[in-house]
Amino acid sequence: MGHMSGPYLIRGSVSLPEAELMWRFSRSSGPGGQHVNTSDSQVELRFDLAATEALPEVWKARALERLASRLVDGVVTVRASEHRSQWRNRETAAVRLAALLAEATAPPPKPRRATKIPRGINERRLREKKQRSETKRGRQARDWS
């Protein structure tokens, strides 16, 4: 196989710092042949979000707040075990971490500005409602005896 296809961009020119990534490998669970019992293909990628210098302070604060439920002592963990090869699981884990950080550091959406409904649209809606109620009133069972 080749080498890792990094650097993994988070957003803009900011990427995952290779030096701050902590990798752990273990055996994947689940069915498999003789190969599965001997190869450490499951990948656990850890990134110390609280101590990193790679992210701008604003992003870091945003990410720490948004990922609070996922963090253990300021460290975010991502696991990958869907592929048989450790190399592909490493790729998957790194891409997943980059995507997670990109989402967590994204700027908050602009607040919605309330706008007034145009009078014509409101009048048309009320006209249609009235027409509908007339139609339904016309269908009501009367005492035809």
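**Strands, helices and the charged pairs between them**

Let us start at Lys-60, which counts as buried with a relative accessibility of 8%. Please keep in mind that you are looking at a predicted model. The cut-off for calling a residue buried is a relative accessible area under 20%, so Lys-60 at 8% falls within that class. Its side chain meets that of Glu-57 in a salt bridge, with 3.9 Å from N to O. Glu-57 itself is exposed, at a relative accessible area of 56%, so this salt bridge joins an exposed residue to a buried one. Both residues belong to helix α1, which covers residues 57–66. They are three residues apart there, and so about one helical turn separates them.

From the helix, move to strand β4, residues 42–48. This strand is mostly covered, with five of its seven residues buried. It has a pairing partner in strand β3 (residues 21–26), where the two run in the antiparallel sense over six bridges. If you look for a place to see this pairing, find Trp-23, which stands opposite Leu-45 in β4. Strand β4 also pairs with strand β5 (residues 75–80), again antiparallel and again over six bridges. Here Phe-47 is a handy landmark, standing opposite Val-76 in β5. As you follow the strands, a general point helps: in a regular strand the side chains alternate between the two faces of the sheet.

Now look at the charged residues on these strands. Glu-44 forms a salt bridge with Arg-79, and their closest N and O atoms are 3.0 Å apart. Because Glu-44 lies in strand β4 and Arg-79 in strand β5, the pair ties together parts that are 35 residues apart in sequence. Is Glu-44 buried or exposed? With a relative accessible area of 9%, Glu-44 is buried.

The last stop is helix α2, residues 86–105, where you will find Arg-96. Arg-96 forms a salt bridge with Glu-82, the closest N and O atoms being 2.3 Å apart. Glu-82 sits in the loop between β5 and α2, so this pair links parts that are 14 residues apart in sequence. Arg-96 counts as partly exposed, with a relative accessibility of 35%. Elsewhere, salt bridges that share partners join Arg-24, Glu-44 and Arg-79 into one network. How many salt bridges are there by this rule? The count comes to six, and those of Glu-57 with Lys-60, Glu-44 with Arg-79 and Arg-96 with Glu-82 are among them.

Note on methods: Residues are numbered from 1 along each chain as its sequence is written. This is a predicted model: local features need pLDDT of at least 70, side-chain atom pairs count only at pLDDT 80 or more; totals for chains, interfaces and linings use all residues. Side-chain values use heavy atoms; hydrogens and water are left out. Buried means under 20% relative accessible area, exposed over 50%, partly exposed in between (1.4 Å probe, protein chains only). Helices (H or I, at least four residues) and strands (E, at least two) are DSSP runs, numbered from the N terminus. Two strands pair if DSSP finds at least two bridges between them. A salt bridge is a side-chain nitrogen of Lys or Arg within 4 Å of a carboxyl oxygen of Asp or Glu.
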